[in-house]
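Trainee: Please take a close look at one helix and the charged side chains on it. Then go on to the parts of the chain that help to place it.

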Amino acid sequence: MSGVTFTVDLDRHLLADAAAVLDRLGTGFLPQLAQDIGAMIERQTKDRIQTEKTAPDGPPWSPWSDRYAATRNTGNRRAHSLLIDSENLLESVQDYTTGTTVTVGSQTPYSAIHQFGGRGIPARPWLGLSDANRRDIEELVIDLAAGWLQ
């Protein structure tokens with residue numbers, strides 16, 4: 001896949017003791033958890049691109065250079081903001097989760113240049129987890145486990 005993805009393998013990232021407890025919940029728990037986490041990360045990532053305009057670790061994205069800004073929002077071009085012009089990046093963010101491996105990203109060719117930057121283009125990281133995203137995922141895990149234990 002060209003582009004960029006963020007991947008978490010639940011089997012490898014859970015502590016052995018926690019994995020043993022989760023195994024007792026049944027074989028379908030971890031795959032369901034992975035699907036739910038993947039869907040949540042996709043929503044969180046799209047929100048970051050559309051409204052937050054910050055890196056996952058908090059800093060706001062670098063603004064456009066003055067020269068580039070002069071080419072935006074002029075003439076017949078409709079108004080747009082950082083990382084949103086045609087909305088291709090926003091709409092391309094997908095959850096590719098399979099089994100217990102959570103993968104979220106974009107296959108657009110320019111998704112990586114926005115994430116990591118390049119010659120003359122500052123990095124504007126849009127993919128990853130903020131502290132708030134992690135807390136949301138922790139709450140999801142607790143809620144899903146509680147539901148399976150009832």
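Mentor: Aspartate 131 is exposed, at a relative accessible area of 56%. Three terms cover this scale: buried is under 20% relative accessible area, exposed is over 50%, and partly exposed lies in between, with a 1.4 Å probe and protein chains only. The areas come from the Shrake-Rupley method with that 1.4 Å probe, and for residues only the protein chains shown count as cover. This is a predicted model, in which local features need pLDDT of at least 70 and side-chain atom pairs count only at pLDDT 80 or more, while totals for chains, interfaces and linings use all residues. Residues are numbered from 1 along each chain as its sequence is written, and side-chain values use heavy atoms, with hydrogens and water left out.

Aspartate 131 forms a salt bridge with arginine 134, and their closest N and O atoms are 3.8 Å apart. A salt bridge here is a side-chain nitrogen of Lys or Arg within 4 Å of a carboxyl oxygen of Asp or Glu. Both residues belong to helix H7, where three residues, about one turn of the helix, separate them. Helices (H or I, at least four residues) and strands (E, at least two) are DSSP runs, numbered from the N terminus. Arginine 134 has a relative accessible area of 41%, so it counts as partly exposed.

Helix H7 spans residues 131-149 and also holds aspartate 136. Aspartate 136 joins Glu138, Glu139 and Asp143 in a patch of negative charge on the surface. For this purpose Asp and Glu count as negative and Lys and Arg as positive, with His and the chain ends not counted. Patch residues have over 30% relative accessible area and no salt bridge; like charges are joined within 9 Å, and nonpolar side chains (Val, Leu, Ile, Met, Phe, Trp, Tyr) within 5 Å. Each charge is placed at NZ of Lys, CZ of Arg, CG of Asp or CD of Glu. Aspartate 136 is partly exposed because its relative accessible area is 33%.

Alanine 132 is another residue of helix H7, and at 36% relative accessible area it is partly exposed. Its C-alpha lies 9.8 Å from that of aspartate 57, although the two are 75 residues apart in sequence.

A contact at asparagine 133 leads to helix H3. The side chain of asparagine 133 makes a polar contact of 2.4 Å with the side chain of arginine 48. A polar contact is a pair of N or O atoms within 3.5 Å; within protein, one must be able to donate a hydrogen and the other to accept it, and residues adjacent in sequence count only if both atoms are side-chain atoms. Arginine 48 sits in helix H3, residues 29-52. Arginine 48 is buried and has no salt bridge, with glutamate 52, the nearest side chain of opposite charge, 4.1 Å away.

Helix H3 does contain a salt bridge elsewhere: glutamate 42 and lysine 46 meet at 3.0 Å, N to O. These two are four residues apart, about one turn of the helix. Lysine 46 is partly exposed, at 26% relative accessibility. The salt bridge count is two. Lysine 53 is in the loop between H3 and helix H4 (66-69). Its phi is near 55°, a positive value in a residue other than glycine, and at 17% relative accessibility lysine 53 counts as buried.

The rest of the chain gives the setting. There are seven helices and three strands, in the order β-α-α-α-α-α-β-β-α-α along the sequence. Of the 150 residues, 38% count as buried. Serine 106 in strand S3 is one that is buried, at 0% relative accessible area. The side chains of serine 106 and threonine 108 are joined by a polar contact of 2.9 Å. Tyrosine 110 lies in the loop between strand S3 (101-106) and helix H6 (111-116). At 30% relative accessibility, tyrosine 110 counts as partly exposed, and with Ile113 and Ile121 it makes a nonpolar surface patch of about 210 Å².
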